[in-house]
Amino acid sequence: MKVTRSWLLEHWEGDWDAEAVGRRLTRAGLEVASITRLDKGLERVVVGRLLEVGRHPDADRLTVCRVDVGDEELTIVCGARNHKAGDHVAVAREGAELPNGLKIVKSRIRGQTSQGMLASETELGMASSSEGILVLSPETIPGTGLAQVLGRDDDLIELELTPNRGDCLGVRGIARELAALTGCNLRPLAPQVAVNDMARAEIRIEHPTGCPRYAGRVIRGLTVAPSPAWLKNRLEAVGLRSINSVVDVTNFILLDLNHPMHAFDLGQLELPLVVRSAFPGEKLTLLNGSTVELGPDNLLIADGRRPLALAGIMGGQDTGVTGATTDIFLECAYFSPTLVTRTGRNLGILSDSRYRFERGIDPMGLTLAMERATELILSICGGRAGPITLAEAGTWKPGAPIPLRYERINRLAGIDLSPAAMDALLERLGCRKTVVAGLTYFQPPSHRHDVTLEEDLLEEVVRVHGYDQVARVLPRVETRPAEVNPRETFSRMLPQRMAALGYLEAVNYSFIGESLQHRFDPDVAAEKLLNPISEDMAVLRTSLCPGLLESARHNLSRGNLDLRLFEVGKVFLPGQDLLMEKERLAGLIAGEAYQLSWHNRSRMVDFFDLKGDVQQLAASLGCPGLTFVAGGPEFLHPGQKATFHDQENNAPIGWIGMLHPEQQRFLDLPQALFLFELDTDRLHACRLTLNKSDGSLSRFPALERDFAFMVDDGVGAGPFMAAMSGIEPGFIQDVRLIDVYRGETLPDGKKSFAIRCVFRALDHTLTDQEAQELCRRIIETANRLFGARQR
């Protein structure tokens, strides 16, 4: 919202400078974004009268002008063609720096001295383009500053209003706010219009919810002409283009009183005017030249033949006021903000009227706006005004009175105001006080749609009283140590641990393509999106692997061949009634295991590199005992995949393996990739289980015993060692696989495991008899569970 200081002072009795006004408004919540001088660049531009205009002796396209600028006569060379002797023009004197940056100096042009420049509207920053120099009214006085003549000897104040303060989208609304904030009175506004024509405006409202109130008036015998200088300058100062006298008055009222208005050419109408819904397929050509196709959701102003205007947004081209118009139908209405917003968005039309109706205008201000507009039109264009016709549908009701508890206001706001002081502040804002059964109520004014609750009254009291008047008292608050959620802490640890292992984090969308999801998790029905961004983001992921593989493909295709990537994210699994959201951790490696150097032989990563990383990760998180068993998803290589479990209770945690060659070819990956995925909830549960056990360190020596067992080729080392560890957890501290042998000395289908067991007790040194008993039980358990024979 833009307003000039002089315009503001026409409504407000204060005499503050623009900076003071800006500070007070900003402190009250109406932020002033900028204050600029309108005469910037015009300080040395004055009115000049052309005494003589002659041809340049050495240039056909130039003229040499003798100009009276009040205190002296100047000789100026000009290249324009639209001037003649006697014209009053804008003269940029020597030393001027125009708004476009041009500096004026005394110079010689084709041998003739030029002591300034005759300026155009473009050079003065008043228009984006112009033909010729600016020719002023002959009533202007030579030597007068151009800024004074054009009404630019002023400050332009620009406010950035929040959507709830639509009441301040007019100059009078801002002045009303300043009157409440400063105590300086609002100037009375009582336009005087003589009704000397009995032609009545005929109006019918057929859409009462869309248009609760509609005012109209007929004005006959007027003359449409260019606007007077004061009106044109006033509109142009705030960025509006002058069109003609009638349209300029309606735009002036829009900015002045925050009431959008429209004038129809009465000769083009077939009364009565009807406010109705559009018929399906009905079309209307608007003032901006666009043609829109309408439907029942759009509100129209129409006559007996055709639609005339899009209610609350823009008028129609066929019935607009032109230079030939002599009779008009002037309207001012209150339209539903919801309906105007919906229509504007659906049709993609922006206008000043729509902007104001969306935020809510004053439904009770229609008559004042109509009278003020009529007064201006009659004074500028002449004519005879008929009576105002006000049609009401009865659907708009003023807001209910709001109860106010004085002690609560003081307590919540941290202020100490008497009831009388609060009453005075609210009454300055236009609220009306009533007392019913000992309770105090305030009725907000009709222009304040945002005041509906006691909290709103509290805000208004503090705002007008001054936020800077609230005492700076710190509240007494009892502080408590923050409650630590172990599960959240665990989730924050995961990226740190993966980064410590040399992995880089990838962040992918939670949406993937349906075909890709089916390829990696065919047994799970993924949740489909109702309105997907694209076909490649049609379902919610049930695994992190597709996104991680896509990140790998992106890197590999750009020459980044040595990869260590991980992602911590959510997957979405179908439940009984609702989706289950689970956190997962996935990792991926590819390329060379080590950087090439003189002391390391280069080799490609393999299954066991990734397995070691998983084991190291689990150990760093307090879950060192993992059991690996052959198996895993179908998209992994059948000979290089495994699932891993919690050694304590054998609960599955995740899987690990090499990407199947068919999947590798499908994804166009140039080299083998190894990946894992685990359920972080289960890993955390494993950590909790192990942390419950006594973590004391023994001060007694350990005993080591080595065993060699011949087992069937299908027996896995992981389950075998887990079984040995579980025989006597209090004494068997560790079981390690130190060799796997297959050879001619063993029967077909057999292999040999060499394991090392570490025995230690917490409370004493183990005896030989206890160690022998543990060895016996190990041999017995291996034979019983796996058919193993000691070698």
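Reader: Which term describes helix 5 and helix 6 relative to each other?

Author: Two packed helices are described by the angle between their axes and the distance between the axes. Helix 5 (residues 229–237) and helix 6 (residues 245–257) pack at about 50 degrees with axes 10 Å apart, and are therefore oblique to each other (not under 35 degrees, roughly parallel; over 145, roughly antiparallel; or 65 to 115, roughly perpendicular). Axes are lines fitted to C-alpha atoms, and angles between N-to-C directions run from 0 to 180 degrees. Helices (H or I, at least four residues) and strands (E, at least two) are DSSP runs numbered from the N terminus. This is a predicted model, in which local features need pLDDT of at least 70 and side-chain atom pairs pLDDT 80 or more, while totals for chains, interfaces and linings use all residues. Residues are numbered from 1 along each chain, and side-chain values use heavy atoms, without hydrogens or water.

Reader: Which residues of helix 5 meet helix 6?

Author: Trp-230, Leu-231, Arg-234 and Leu-235 do (heavy atoms within 4.5 Å). Their partners in helix 6 include Phe-252 and Leu-255.

Reader: How many disulfides does a search of the whole structure find?

Author: One (a pair of cysteine sulfur atoms within 2.5 Å). Cys-623 and Cys-686 form the disulfide, with sulfur atoms 1.9 Å apart. Cys-623 lies in the loop between helix 16 and strand 32, and Cys-686, 63 residues away, in helix 18. The S-S torsion is about 75 degrees, so the disulfide is right-handed.

Reader: Is Cys-623 buried or exposed?

Author: Cys-623 is buried, at 0% relative accessibility (buried is under 20%, exposed over 50%, partly exposed in between, with a 1.4 Å probe and protein chains only). Cys-686 is buried at 1%.

Reader: Why is the sulfur of Cys-545 not in a bond with Cys-623?

Author: The two sulfurs are 20 Å apart, too far for a bond.
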